[in-house]
Amino acid sequence: MNNDYQRARYVNPYTDFGFKKLFGTEMNKELLISFINSLFNGKEVVKDLTYLNTEHLGARELDRKAVFDVYCENEKGEKILVEMQKAEQQFFKDRSLYYATFPIREQAERGDWDYSLKAVYVIGILNFNIDDDNGSYFHHEVQLTDQRTKEVFYDKLTFIYLEMPKFNKTEEELDGMFEKWLFVLRNLSRLLERPQALQERVFTKLFEAAEIAKFTKTEYEAYEESLKVYRDWQNTIRTAINKGLAEGREKGLAEGREKGLAEGMEKGMAEGMEKGMEKGMEKGKSEEKRAIAHNLKALGLTSEQIQAATGLSAREIDLL
């Protein structure tokens, strides 16, 4: 066992293996039900779930295969799709909407059908931020709404996104099951023991399921491979970000130098002209005084009189 595993007591839920072990198995279905109910906060109560096939093929050959992390159905036939997203993708929202079409389209019935649909929930647990403009606001619940009235137009399609990096509450600050679940997801792989705030029975089961030392050899090898993929992905993202920052700094410096040079030349020319005019005017005034002094001297005025009239020194007047 390497040092990383010696330091980590519990599985990393951001890995594919970790997430599916905790939330995607019949044995741990109670964990998923508890998490979803804490998320719904009484607006919807899930009593039981049935796991569905996580792989779907589109109606046409050109459709891409959609692979869901966890896909299930509650006792009312409503579809719930839960995904752990490790890093931001360029068309994340498009992808999320595309995935939502599969639970919708599979409800179509053969023959006469009135298009009645069961509700579909898409839950995204995000290890990145999608909205930096709203500070610490991390819990997004999205439905179709009327732009003018702001009323919900269609309540059977709901997207729920949790920006996990924005959730920074400590154990002492936790309030309710929802925040406790977020704390577990955010910190599980860094915990060395079960926090005192998480004494509910469901968390007893979670920490037992998440303890790496209890994995079978097959589970441990699968987790090790999943963790390697996760770390490689994180390193790839970090490298891309650092490269982008370096390129941005280099480009910014180049543009800054070019702009600074242009502004410097413009400013230098302006200052040069101003100083030149000042010097010219000063020299002109000096020559004017000398000319006046020369004329006064020719008229026979004394040096003291010429000094009083022009402000020139006695030496300057003697040299005329």
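## A mixed sheet and its surroundings

Strand 7 and strand 8 pair in the antiparallel sense over 6 bridges. This pairing belongs to a predicted model, and the rest of this report works outward from it.

**The hairpin.** One of the facing pairs in this ladder is T145 with V152, its bridge partner in strand 8. The two strands form a hairpin, with 6 residues between them. K150 sits in that turn and has a positive phi of about 65 degrees. K150 is not a glycine. Its relative accessible area is 60%, so K150 counts as exposed.

**The whole sheet.** The hairpin is part of something wider. An open sheet is formed by 6 strands, in the order 1-4-5-6-8-7. The pairing is mixed. Strands of a sheet pair through backbone hydrogen bonds, and the sense may be parallel or antiparallel.

Which strands stand at the edges? They are strand 1 (49–51) and strand 7 (139–145). Each has a single partner strand, so one side of each is left without a neighbour in the sheet. Neighbouring strands are also turned against each other, by 25 degrees on average with direction ignored.

Three pairings can be set side by side.

| Strands | Sense and bridges | One facing pair |
|---|---|---|
| Strand 5 and strand 6 | parallel, 7 bridges | M84 opposite I125 in strand 6 |
| Strand 6 and strand 8 | parallel, 7 bridges | V120 opposite L157 in strand 8 |
| Strand 7 and strand 8 | antiparallel, 6 bridges | T145 with V152 in strand 8 |

**Strand 6.** Strand 6 (residues 120–126) pairs with strand 8 (residues 152–163). Strand 6 also pairs with strand 5. Is strand 6 mostly covered or mostly uncovered? It is mostly covered: 7 of its 7 residues are buried.

In a regular strand the side chains alternate between the two faces of the sheet. Strand 6 can be read that way. V120, V122, G124 and L126 point one way. Y121, I123 and I125 point the other way. Both sets are buried.

**A buried lysine.** Follow the chain past strand 5 (79–85) and you reach a loop that leads to helix 4 (92–105). K86 lies in this loop. Is K86 buried or exposed? Its relative accessibility is 18%, and the cut-off for buried is under 20%, so K86 counts as buried.

K86 has several neighbours. Leaving out residues up to four places away in sequence, K86 touches Y14, D16, N127, F128, Y230, W233 and Q234. With D16 there is also a polar contact between side chains, at 3.4 Å.

**Helix 2.** Helix 2 covers residues 16–23. Of its 8 residues, 6 are buried, so the helix is largely enclosed by the rest of the structure. The buried ones are F17, G18, F19, K21, L22 and F23.

**Two helices side by side.** Helix 5 (residues 176–187) and helix 6 (residues 201–210) also meet. Their axes come within 12 Å and cross at roughly 10 degrees. That makes helix 5 roughly parallel to helix 6. Helix 5 brings M177, K180, W181 and V184 to the contact. Helix 6 brings V202, F203 and L206. By class, the contact has 6 nonpolar, no polar and 1 charged residues.

An α-helix has 3.6 residues a turn, so residues three or four places apart point the same way. Keep that in mind when you look at M177, K180, W181 and V184 in helix 5.

**Exposed loop residues.** Return to the loops. Y115 is found between helix 4 and strand 6. Y115 has a positive phi of about 70 degrees although it is not a glycine. Its relative accessible area is 62%, so Y115 is exposed.

N53 lies in the loop between strand 1 and strand 2 (55–56). With 55% relative accessibility, N53 counts as exposed. Y71 is 18 residues away from N53 along the chain, yet their C-alpha atoms are separated by 7.0 Å.

**The chain overall.** How many helices and strands does the protein chain have? It has 9 helices and 8 strands. Of its 320 residues, 36% count as buried. Now take the contacts with a separation of 6 or more. Residues 24 or more positions apart account for 58% of them.

Technical notes: Residues numbered from 1 in each chain as written. Predicted model: local features only at pLDDT ≥ 70, side-chain atom pairs only at ≥ 80, totals over all residues. Heavy atoms only, no water. Axes fitted to C-alpha atoms, helices over the stretch in contact; angles between N-to-C directions. Helix = DSSP H or I, 4+ residues; strand = E, 2+ residues; numbered from the N terminus. Parallel < 35°, antiparallel > 145°, perpendicular 65-115°, else oblique. Contact = heavy atoms within 4.5 Å. Nonpolar A, V, L, I, M, F, W, Y, C, P; charged D, E, K, R; others polar. Buried < 20%, exposed > 50% of the residue type's maximum accessible area, 1.4 Å probe, protein only. Polar contact = N/O pair within 3.5 Å; in protein donor to acceptor, adjacent residues only side chain to side chain. Pairing = 2+ DSSP bridges.
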